[in-house]
Structure formats: structure tokens, C-alpha cells
Amino acid sequence: MPETQPRQVLIADDSLALRIWDGDTDTAVLLIHGMGDCSWIWEPLVAAWPGPRPTLIAVDLPGHGDSAPV
């Protein structure tokens, strides 16, 4: 089972933050949080994923979480 600790990646001059939970399949899923949340909202889903997990990529939209403000 892959680790439940994500890698953090900053892109576009550190203005957009991603959390990436590496999976054990060849599939990747992009997770987008709702208004007022951040990428950490997906941590319970990652921890409870049943069976082989795809790579999960959660974005912090601008002005949320670790992403720079708009």
C-alpha cells in the first residue's frame, strides 16, 4: 500500500500548490476542493481508499491552502 503522506509541488512561480499521493496503479485522479477548502480536505478519502489506489493529485486553487492569493 502506498504512503498516505503527500508530496507537495509548487508550480507557476510558486503560485499554485499541488499535493500528490502516489498510488499503486497507472491511473491518476485530479481532486478539486470546493469554495473555502483546500487540498487537505481529501486526506480522509486518501486514508480510506479501498483497494489499489490511483495517484491522487489535489490542487489548492488560487487563494486557498498553500497557493498564492489571486
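**A colleague's note on the 70-residue chain**

1. Let's begin with contacts across the sequence. Counting contacts in the protein chain between residues at least 6 apart in sequence, 58% join residues at least 24 apart. Please keep in mind while reading that this is a predicted model.

2. Now the layout. The protein chain has four strands and one helix. Reading from the N terminus, the order of its elements is β-β-β-α-β, so you will meet three strands before the helix and one after it.

3. On overall dimensions, the C-alpha trace spans about 40 × 20 × 15 Å along its principal axes. The radius of gyration is 12 Å, which agrees with the value near 11 Å that a compact globule of 70 residues would have.

4. As for the surface, the protein chain exposes about 4,300 Å², and carbon and sulfur atoms supply 60% of that area. Buried residues account for 29% of the 70 residues.

5. How many salt bridges are there? The count comes to two. As background, side chains of opposite charge can pair when their charged atoms come close. The next points take the two pairs in turn.

6. One pair is arginine 7 with aspartate 22, whose closest N and O atoms are 2.9 Å apart. This salt bridge links distant parts of the chain: arginine 7 belongs to strand 1 (residues 7–11), while aspartate 22 sits in the loop between strand 2 and strand 3 (28–32), and the two are 15 residues apart. Arginine 7 is partly exposed, at a relative accessible area of 42%. Aspartate 22 also counts as partly exposed, because its relative accessibility is 35%.

7. The other pair is arginine 19 with aspartate 66, and their side chains meet in a salt bridge of 2.5 Å, N to O. Arginine 19 is in strand 2 and aspartate 66 in the segment after strand 4, so the salt bridge ties together parts that lie 47 residues apart in sequence. Seen as a polar contact, the two side chains are likewise joined at 2.5 Å. Is each partner buried or partly exposed? Arginine 19 is buried, with a relative accessible area of 6%, whereas aspartate 66 counts as partly exposed at 38% relative accessibility.

8. Arginine 19 deserves a closer look on screen. Its strand, strand 2, covers residues 16–21. Setting aside neighbours within four places in sequence, the residues in contact with arginine 19 include Pro6, Arg7 and Gln8, then Ser39 and Trp40, and further along Leu56, Ile57, Ala58 and Asp60, as well as its partner Asp66. For a sense of distance, proline 44 is 25 residues from arginine 19 in sequence, and their C-alpha atoms are 14 Å apart.

9. Which arginine is buried yet has no salt bridge? That is arginine 53, whose nearest side chain of opposite charge, aspartate 24, is 6.2 Å away. A salt bridge requires the side-chain nitrogen and the carboxyl oxygen to be within 4 Å. Arginine 53 lies in the loop between helix 1 (43–47) and strand 4 (55–60). Its side chain does have a polar atom 2.8 Å from the backbone oxygen of aspartate 22. Aspartate 22 is thus worth viewing from two sides, as its side chain is in the salt bridge with arginine 7 and its backbone oxygen lies by arginine 53.

10. Threonine 55 is a residue of strand 4. It counts as buried because its relative accessibility is 17%, and buried means under 20%. A polar atom of the threonine 55 side chain lies 3.2 Å from the backbone nitrogen of glycine 23. Beyond four places in sequence, threonine 55 is in contact with Ile20, Trp21, Asp22 and Gly23, and also with Thr27, Ala28 and Val29.

11. Finally, the segment after strand 4 holds glycine 63. This glycine counts as partly exposed because its relative accessibility is 48%. Outside its neighbours within four places in sequence, glycine 63 is in contact with Ala68, Pro69 and Val70. Where does glycine 63 stand relative to proline 52? They are eleven residues apart along the chain, and 32 Å separates their C-alpha atoms.

Conventions
Residues are numbered from 1 along each chain as its sequence is written. This is a predicted model: local features need pLDDT of at least 70, side-chain atom pairs count only at pLDDT 80 or more; totals for chains, interfaces and linings use all residues. Side-chain values use heavy atoms; hydrogens and water are left out. Buried means under 20% relative accessible area, exposed over 50%, partly exposed in between (1.4 Å probe, protein chains only). Lys and Arg count as positive and Asp and Glu as negative; His and the chain ends are not counted. A polar contact is a pair of N or O atoms within 3.5 Å; within protein, one must be able to donate a hydrogen and the other to accept it, and residues adjacent in sequence count only if both atoms are side-chain atoms. The radius of gyration is taken over C-alpha atoms; the globule rule is 2.2 Å times the number of residues to the power 0.38. Contact means heavy atoms within 4.5 Å. Accessible areas come from the Shrake-Rupley method with a 1.4 Å probe; for residues, only the protein chains shown count as cover.
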